[in-house]
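Trainee: Could you take a close look at one spot in this model for me, and then walk me outward from there? I'd like to know how that spot sits in the rest of the chain.

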Amino acid sequence: MTVPVLEQAGLDAARWERAVELAREACAADATPALAFVAGNSGRATGAHRFGRQRLAEGSPPLREDAIFLVASLTKPIVAMGFLLLVERGRLSLNERVSEFLPEFGGTGRHAVTLRHLLTHTSGLPDQLPHNRRLRSENAPLSAFVAGACAVAPDFPPGRGVQYSSMAFALLGEIVRRITGKTCAEFLRHELFAPLGMADTALGAPDGWFDGDAPAAARIPEIRVPPDQVGDEGWNWNSRYWRQLGAPWGGLLTTPADLARFAQFMLRRGRSESHRLLSEAAVLAATRSQLDAIPDLSDADRRCRPWGLGWRLQWPAHAASFGDFVGPRAFGHWGATGTLLWIDPDRDAFAAVLSTQPAASHSAPLVRLSNAIAAALGAGIEVPTGP
């Protein structure tokens, strides 16, 4: 990549090369089978840097230039932004109870759960269902996970604590379906992905991705699955079942270039390159801490584990922070498949790192790479911010 291109993206060329070398070293040492990253600002982005191999076996072909990654929980904030479209259109409001939209969710321990609780991980619902493994091994449809989330007992009353909950997003996706008559995947494609030009992004791979002589599914690199998924090829992250399920909590498939488009959309506060898709008010609400609106939380949760609406804010002292150099108003998310996205509005900067090594065993190298990227950003180049 030439120096002028780097400067247009607001990057210091020498420091950027150090980030590139860190990624190359990680793949050469097999710390991750594959890795790609991209960074930039609201007006310009680098091309994606790619390293490693497409499949796990040694000697397999290099990571494809058009690779599509399963990004796991990076899905959540994107689903949240689609959900906020319904809020700004007056179809619902955040303090309404979930049972108003999903009557089967009502009952002991669940009646007081609001949409705000779901979006801020304060509902008390568990991350995964107790029978999650059985559902996946049976190749259960999304409706089975929704039914389970509607019946499971919360671990504490809503608003009394912060507990990460994937099942909260199963419910949010179902509410989108019931209000719009479209699946969450269809709604996001129509309202966000197509207008933003995210042509290689889908919440769940459509059947067409598996057809023809050059199927798009072949572009998805194989993930080194965690121990609890080894030997379960019928439902693990590399299975057709999981790639097609379209889980609103972790089923997004996308590319570095498409994720860069979404990050720039957020930095522009809801604008594409040509027009507004989401209100500035919705973006600002989503990306500031919402925990002050929940009175019964501990001070430690408010200060150290802040959440916006679907977006995790920066947790500096957490092992899986976004990095040591992002600003206090940065927002983003991690993904269990080894992915990281952060967006820093104060620096007009973003970075996306997509890998195929589970984040639980890979967070420190990703944070180090994030630090190197953040150090390279903001080289003092004045960059147009777009329309």
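Mentor: Sure, let's start at Ala247, which is buried, with a relative accessible area of 0%. Keep in mind that this is a predicted model. Ala247 counts as buried because the cut-off is under 20% relative accessible area. As for where that is, Ala247 sits in the loop between helix 9 (240-245) and strand 5 (252-254). Setting aside neighbours within four places in sequence, Ala247 is in contact with Thr75, Leu142, Leu203 and Trp242. For a sense of distance, take Cys184: it is 63 residues from Ala247 in sequence, and the two C-alpha atoms are 9.2 Å apart in space.

Thr75 is a handy bridge to the next stop, since helix 3 covers residues 75-88. Two residues of that helix are worth a look. Gly82 is in helix 3 and is buried, with a relative accessible area of 0%. Not counting residues up to four places away in sequence, Gly82 touches Phe187, Leu188 and Leu192. Gly82 and Gly270 are 188 residues apart in sequence, with 11 Å between their C-alpha atoms. Glu88 is found in helix 3 too, but Glu88 is partly exposed, at a relative accessible area of 37%. Beyond residues up to four places away in sequence, Glu88 touches Leu277, Leu278, Ser279 and Ala282. Gly327 is 239 residues from Glu88 in sequence, and from C-alpha to C-alpha the pair is 28 Å apart.

Now for the nonpolar packing. The largest nonpolar core has 93 residues, and Met81 and Phe262 touch the most other members. Helix 7 (residues 166-180) gives the most to this core, with nine residues. Leaving aside neighbours within four places in sequence, Met81 is in contact with Leu192, Phe262, Met266, Leu278, Val283, Ala286 and Trp311. Some of those names have come up already: Leu192 is also touched by Gly82, and Leu278 is also touched by Glu88. There is a second, separate core of 29 residues, which includes Phe51, Ala320, Leu340 and Val367.

Val367 takes us to Ser321. Apart from neighbours within four places in sequence, Ser321 is in contact with Arg312, Gln314, Trp315, Pro316, Trp334 and Val367. You'll find Ser321 in the loop between strand 6 (312-313) and strand 7 (331-335). Ser321 is buried, with a relative accessible area of 2%. Ala364 lies 43 residues away from Ser321 along the chain, and their C-alpha atoms are separated by 9.4 Å.

If you like checking backbone angles, two residues are worth clicking on. Most residues other than glycine have a negative phi. His121 has a phi near 60 degrees, a positive value in a residue other than glycine. His121 lies in the loop between helix 4 (115-119) and helix 5 (132-137), and it is buried, with a relative accessible area of 0%. Asp348 also has a positive phi without being glycine, near 50 degrees. Asp348 is placed in the loop between strand 8 (339-344) and strand 9 (349-355). Unlike buried His121, Asp348 is partly exposed, with a relative accessible area of 24%.

Zooming out, the secondary structure of the chain comes to 13 helices and nine strands. The radius of gyration is 20 Å, close to the 21 Å that the globule rule gives for 387 residues, so the chain is as compact as a globular protein of that length. Along the principal axes, the C-alpha atoms fill a box of roughly 60 × 45 × 40 Å. Buried residues make up 58% of the 387 residues, with Ala247 among them. Of the contacts with a separation of 6 or more, 66% are between residues 24 or more positions apart. On the outside, the accessible surface comes to about 15,200 Å², and 51% of it belongs to carbon and sulfur atoms. As for charge, there are 39 positive and 39 negative charges, and their mean positions are 3 Å apart.

Key:
Residues numbered from 1 in each chain as written. Predicted model: local features only at pLDDT ≥ 70, side-chain atom pairs only at ≥ 80, totals over all residues. Heavy atoms only, no water. Helix = DSSP H or I, 4+ residues; strand = E, 2+ residues; numbered from the N terminus. Rg over C-alpha atoms; globule rule 2.2 N^0.38 Å. Buried < 20%, exposed > 50% of the residue type's maximum accessible area, 1.4 Å probe, protein only. Contact = heavy atoms within 4.5 Å. Areas by Shrake-Rupley, 256 points an atom, 1.4 Å probe, with all protein chains shown as cover. Lys, Arg positive; Asp, Glu negative; His and termini not counted. Charge placed at Lys NZ, Arg CZ, Asp CG, Glu CD. Core = buried A, V, L, I, M, F, W, Y, C linked by side-chain atoms within 4.5 Å.
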